[in-house]
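Here is a short briefing to read beside the sequence and the 3D view. Topics are grouped so that each can be checked in turn.

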Amino acid sequence: MSLEEQPHRHFILHKPYGYLSQFIGNPKNKKLLGHLYDFPAGTMAIGRLDQDSEGLLLLTTNGKMSEYVRGRKVEKEYYAQVDGIITPEAIAQLQQGGIEIAHEKQLYQTLPCQGYRLDPAPNFPERSRRVRDDRHGPTSWVSITLTEGKNRQVRKMTAAVGFPTLRLIRVRIGNIHLGTMPSGEVLEVAQFDLGTPDILSVQ
């Protein structure tokens, strides 16, 4: 059976801090997704998390599925630990959109999004490299849900409203939640539950 005839395979991963969301290339001293699991040939990450970010990452051998999940029909929710106690005014700015961020050497204005302060803060395990000591000032957590996904968008958005992101974790894509999935764990699934009725057409 050729690769084209084989059924597509889908995976859910809790990407750890310090890994690149790629399989190929030979960056010096960098950790790649292939170090975590024996993924089949043709597997691709759906939307990247940068090296310093953690959390939910979907992978598939289906290019159409990848394109669908990256589109605006599918929500992506992030928890960001920011420098300082984020204010209601800053959260309102995030929600309203229109924040100017740099994207591919041009200015881009963000779309409206869902956002709110997380209180109490989520109870995530310490990451492999500690964020910082509490003596350097307070931090707070905010939930941000996007339907777009520009490069390092959440980090750029929180910095633009005065609260730089110190730690970023993607916790939800569609109806798929990170939950208590341990860092580095990979789960193979028959299909992705994204909560959108037309997803079956690209399985």
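**Backbone exceptions**

P120 is placed in the loop between strand 9 and strand 10. The model is predicted. The peptide bond that leads from D119 into P120 is cis, with omega near 10°. Most peptide bonds are trans, and most residues other than glycine have a negative phi.

- E104 has a positive phi, near 50°, and is not a glycine.
- E104 belongs to the loop between strand 7 and strand 8 (106-109). Its relative accessible area is 66%, so E104 is exposed.
- K105 also has a positive phi without being glycine; the value is near 65°.
- K105 sits in the loop between strand 7 and strand 8. It counts as exposed, at 88% relative accessibility.
- G162 follows helix 3 and has a positive phi, near 95°.

**Aromatic rings**

- Searching the whole structure gives six aromatic pairs.
- One of the pairs joins F124 and W141. Their ring centres are 5.8 Å apart and their planes meet at 40°, so this pair is tilted.
- This pair links distant parts of the chain, 17 residues apart. F124 is in the loop between strand 9 (114-118) and strand 10 (139-146), and W141 is in strand 10.
- Buried or exposed, where does W141 stand? W141 is buried, because its relative accessible area is 7%, under the 20% limit.
- F124 is partly exposed, at 22% relative accessible area.
- F11, F23, Y37 and F39 make up one aromatic cluster.
- Y108 takes part in a charge-over-ring arrangement: the charged end of K150 sits over its ring, 4.8 Å from the centre.

**Largest pocket**

- The largest pocket holds about 600 Å³ of space.
- Its lining has 29 residues. G47, R48, G149, K150 and N151 lie nearest the centre of the pocket.
- K150 thus appears in two places: in that central group, and over the ring of Y108.
- Which elements each supply at least two residues of the lining? They include helix 1 (63-70), strand 6 (76-83), helix 3 (153-160) and strand 11 (165-173).
- By class, the lining has 10 charged, 10 polar and nine nonpolar residues.

**Helix 3 and its cover**

- The buried residues of helix 3 are Q153, V154, R155, M157 and T158.
- The cover over these buried residues includes strand 6, helix 2 (88-96), strand 7 (100-103), strand 10 and strand 11.
- Helix 3 also contributes at least two residues to the lining of the largest pocket.

**Two buried tyrosines**

- Y17 lies in the loop between strand 1 (10-15) and strand 2. Its relative accessible area is 13%, so Y17 is buried.
- What does Y17 touch, leaving aside neighbours within four places in sequence? Y17 is in contact with Q51, D52, S53, E54, R127, S128 and R129.
- Y17 and A159 are 142 residues apart along the chain, and their C-alpha atoms are separated by 20 Å.
- Y19 lies in strand 2, which spans residues 19-20. At 14% relative accessibility, Y19 counts as buried.
- Not counting residues up to four places away in sequence, Y19 touches K31, L32, H35, L36, D50 and Q51.
- Q51 therefore appears among the contacts of both tyrosines, given the 4.5 Å cut-off between heavy atoms.
- The C-alpha atoms of Y19 and A41 are separated by 19 Å, with their positions 22 residues apart along the chain.

**R172 in strand 11**

- R172 is in strand 11. It is a charged residue by class, yet R172 is buried, with a relative accessible area of 12%.
- How far apart are R172 and L56, C-alpha to C-alpha? They are 6.6 Å apart in space and 116 residues apart in sequence.
- Beyond its neighbours within four places in sequence, R172 is in contact with L56, E75, K76, E77, T145 and H177.
- L56 is thus one of the residues that R172 contacts.

Notes
Residues numbered from 1 in each chain as written. Predicted model: local features only at pLDDT ≥ 70, side-chain atom pairs only at ≥ 80, totals over all residues. Heavy atoms only, no water. Phe/Tyr/Trp six-rings, centres within 6.5 Å; stacked < 30°, edge-to-face > 60°. Helix = DSSP H or I, 4+ residues; strand = E, 2+ residues; numbered from the N terminus. Buried < 20%, exposed > 50% of the residue type's maximum accessible area, 1.4 Å probe, protein only. Lys NZ or Arg CZ within 6 Å of the ring centre and 35° of its normal. 1 Å grid on protein atoms, 1.4 Å probe; cavity = no way out; pocket = protein on both sides within 12 Å on 5 of 7 lines; lining within 4 Å. Points joined across faces, edges and corners; volume = space filled by probe spheres on them.
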